[in-house]
Amino acid sequence: MKADPISIRPPFIKLDQLLKFAGLIGTGGEAKEVVAEGLVKVNGEVVTQRGKKIYPGDILSFGGQEYEVTL
């Protein structure tokens, strides 16, 4: 399955900001909850740090979908 692209401008973006930016969740509070509950994976590993830096080339898994972070 090919990952859907999510394009970012800076060299990195924090995980909670990426979830909001991509429209995968509605609010910062919701981002905090889904990350804390272990519902988000980055490069195949569960991430519970909402401030984790996400870089181009990383693969985000959330809600049964995969997304590739691109510039």
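Trainee: Quick one to start: how much area does the chain expose, and what share of it do carbon and sulfur atoms supply?
Mentor: About 4400 Å² is exposed, and 48% of that comes from carbon and sulfur atoms. Accessible areas here come from the Shrake-Rupley method with a 1.4 Å probe, and for residues only the protein chains shown count as cover. Keep in mind that this is a predicted model: local features need pLDDT of at least 70, side-chain atom pairs count only at pLDDT 80 or more, and totals for chains, interfaces and linings use all residues. Residues are numbered from 1 along each chain as its sequence is written, and side-chain values use heavy atoms, with hydrogens and water left out.

Trainee: Okay, what helices and strands does the chain have, and in which pattern?
Mentor: The chain has two helices and seven strands, in the order β-β-α-α-β-β-β-β-β along the sequence. Those are DSSP runs numbered from the N terminus: helices are H or I with at least four residues, strands are E with at least two.

Trainee: And what is the radius of gyration of the chain?
Mentor: It's 11 Å, close to the 11 Å that the globule rule gives for 71 residues, so the chain is as compact as a globular protein of that length. The radius is taken over C-alpha atoms, and the rule is 2.2 Å times the number of residues to the power 0.38.

Trainee: How many salt bridges does the structure hold?
Mentor: One. The side chains of Arg50 and Asp16 meet there, at 3.8 Å from N to O. Arg50 sits in the loop between strand E4 (45-46) and strand E5 (53-54), while Asp16 is in helix H1 (residues 15-21), so the pair ties together parts 34 residues apart in sequence. To count as a salt bridge, a side-chain nitrogen of Lys or Arg must be within 4 Å of a carboxyl oxygen of Asp or Glu.

Trainee: Is Asp16 buried or exposed?
Mentor: Asp16 counts as buried, at 14% relative accessibility, whereas Arg50 is partly exposed at 40%. Buried means under 20% relative accessible area, exposed over 50%, and partly exposed in between (1.4 Å probe, protein chains only).

Trainee: What percentage of the 71 residues is buried?
Mentor: Buried residues make up 31% of the chain.

Trainee: Switching topic: where is Gly28?
Mentor: Gly28 belongs to helix H2 (residues 28-36), and Gly28 is partly exposed with a relative accessible area of 31%.

Trainee: How far apart are Gly28 and Leu60 in space?
Mentor: They're 17 Å apart, C-alpha to C-alpha, with their positions 32 residues apart in sequence terms.
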